[in-house]
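Trainee: I am new to this structure and should like to examine it with some guidance. May we look at it together?

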Amino acid sequence: MEELLARAKEKYSEQDYKLISDAYDFASRAHKDQHRASGEPYIVHPSSVALILIDLNMDAATIAAALLHDTVEDTSCENSDIERQFGREVANLVDGVTKLSRINFSSKEEQQAESLRKMFIATASDVRVMLLKLADRLHNMRTLSSLPHEKQIYIANETLSIYAPVANRLGIYQIKWELEDISLRYLDPEAYNSIHDSINQKRAEREAYIASVIDIVKPKLDEAGIDAYIYGRPKHFYSIYKKMKAHNVGIDQIYDLTALRVIVSSVKDCYGVLGIVHTIFKPMPGRFKDYIAMPKVNMYQSLHTTVIGPNGTPFEIQIRTKEMHETAEYGIAAHWKYKEGVKGSSDSDVKLAWLRKMLDYDTESRDSREFVDSVKSDFFSDEVFVFTPRGDVIDLPAGATPLDFAYSIHSAIGHKCIGAKINGRIVNLDAQLKTGDIVEIMTSAAPHGPSRDWLNIVKTNEAKSKIRQWFKKELREENIVKGRDMMEKEAKRQGYSLPSLLKNEWLEPIMSRYMLQSIDDLYASVGYGGLTTNQVLFRLIEEYRKANHLAKPEDTLKPKAHSILKSSSDVIVKGQADMLVRFAHCCNPVPGDDIVGYITRGRGVSIHRRDCNNLSDFEPEREIEVSWATEGNISYTADVQLLAYDRRGIVIDISNMVYANDLKLISINAQGKNGVATVTFSIEIKNTEQLDSLIRQMKKINGVIEVYRVNK
């Protein structure tokens, strides 16, 4: 692209320009015969990504990596080829954003989670990896119209749940807003178009209003000797959408659709402008925020105030310096420590300290999905800002408790915690913190330690990790006994004896994956909560079934056929062949449930769930041992019911979640009563893992109360 090379020549030194030019030539050759879904030459994509990063004032190595970022994943090039020609720095950046597509995974979800884990860890070492990925995702979103509808929904959901929050945490609002607005266009096109049309219809009216406000404010600032640049900034579509959803109102009831932004030269002038504005217009109580004295964790600084303007219309004013404005637009890119070869200050390192914590998460998390969920919940969720008694500011995810606060200060404070005060009043340890709270932790001088119940109280994965570490270190012998007992009981519950599952050849992959040295390490890990019994037993039972030619766990789910009459191929009746089998209506068992057979008079064997209430009325001597025996890679129908607070778009959100998991939605039905929506839907799945994963994700949808599998 001529524009790319022209911009690079104008912006970079001769040596840097050569690096970028050589990278462009290399990428052009590598992608020579490739085209995107839109039909345009593939090189357009990496060139566009590079242009986005040039706008962010990134260094030449990042621009070169942007041009090369798909060569390893989508062509025959290897990372060693990149390192040989462009050096290790560029090669490491390319490797950081390269997906793990050449490795075989058990599911698409696992591959995505492992790729994200790899990218987050690379980001912890070099934040340019994430900046590169954000630019890549932004251009992909700009060209999303070329993809099939289901893929559009999947990518938009992923963008809204991961990449927009990442851009927000890094302070790059310029990218954050665009990612959110484009995602909304595909996830809720009706709402997007409605907001778009409403904004356009009243654009002239709002522009005239802002101009009248500027005419009032500017002369007053000139009189005070404050040099200021003032302009109106329209709110982004997704911001309006969220406010409409949060307050359940229409766009006509959103008054601050435009904010007034005032850019000045110094912090002193920021507060000077604030005073003048409050003398001209009446401020709205509770609508003033000082992000200069207390910056956001993404380095954002500004004064925000909402005032009553002419004609009684509220509007927001944002006041900041030029440097603050640059940081607000470009975030961490505005503070990039490698600009012009200059190492960053210790201040920059402090601002990026949260990134370093990702390395601790990687050590603690046993599973890629667990790691990604931990990063999302602790770093990219809504935040609260609370104070220590000395006035230091601590930021925590929304929903955090005094215990989370204690562990964020220091592990020892958390371990010795015996109580807490919020704003001088003693509170329970599970109390939720709110922004502005002053939190004091009461500790015991005597030897102390966390309770296992604390794992259910704390919200941050950092606190959970420190609690588990304490149990792991202090109570190893107890954990070994507890873990062995937990595994024995769970194995027995599933119909197995633990010794029959503990074959060395079956244990070895598990020990290797979770970095365990001995069977006692395994028991201890289960005992202190580092691993669940299912994480271990699922693999062992799978191997046992293979060795004994039994049905696979992933094949044990209800088949599409809804007939009550089943053949003996669905279950194994101990000691019997070709036995007529019927599923009981009372408990409606499905493959995967713990079942028992009951010999009826003239109607074969009736299959019940082992916890069926009717079994107590039956004759025990007529019970017979049965087990599931479905074989083959078949799709099954599962019925799910979801309860949620009734709101517009809930059915769309559910449908999008199903499609995002590459599942087929067979039917969906929704009913609303007393403000609560009951949504029942049927899906095609291949195994219980898919169903459990979907239900976990459904529970995170806004407004969802409960999700559960339905037995008909």
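Trainee: Is arginine 84 buried or exposed?

Mentor: This is a predicted model, in which local features need pLDDT (the predictor's confidence in each residue, from 0 to 100) of at least 70, side-chain atom pairs count only at pLDDT 80 or more, and totals for chains, interfaces and linings use all residues. Residues are numbered from 1 along each chain as its sequence is written, and side-chain values use heavy atoms, with hydrogens and water left out. Buried means under 20% relative accessible area, exposed over 50%, and partly exposed in between, with a 1.4 Å probe and protein chains only. Since the relative accessible area of arginine 84 is 63%, the residue is exposed.

Trainee: With which residue does aspartate 81 form a salt bridge?

Mentor: A salt bridge is a side-chain nitrogen of Lys or Arg within 4 Å of a carboxyl oxygen of Asp or Glu. Aspartate 81 is partly exposed, because its relative accessibility is 22%. Its partner lies 3 residues apart from it in helix H6 (residues 79-86; helices are DSSP runs of H or I with at least four residues, strands runs of E with at least two, numbered from the N terminus), about one turn of the helix. The closest N and O atoms are 3.0 Å apart, and the partner is arginine 84.

Trainee: Which helix holds both aspartate 222 and lysine 218?

Mentor: These two residues form a salt bridge, with the closest N and O atoms 2.9 Å apart. Aspartate 222 counts as partly exposed at 44% relative accessibility, and lysine 218 does so at 26%. They are separated by about one helical turn because they stand 4 residues apart in helix H13.

Trainee: Which helix gives the most residues to the largest nonpolar core?

Mentor: A nonpolar core is a set of buried Ala, Val, Leu, Ile, Met, Phe, Trp, Tyr and Cys residues joined through side-chain atoms within 4.5 Å. The largest one has 62 residues, and Leu53, Leu68, Ile82, Val90 and Leu134 touch the most other members. With 9 residues, the leading contributor is helix H10.

Trainee: Which strands stand at the edges of the open sheet of 5 strands?

Mentor: Two strands pair if DSSP finds at least two bridges between them. The order in this sheet is E1-E2-E5-E4-E3, with mixed pairing. Each edge strand has a single partner, so one side of each is left without a neighbour in the sheet; these are strands E1 and E3.
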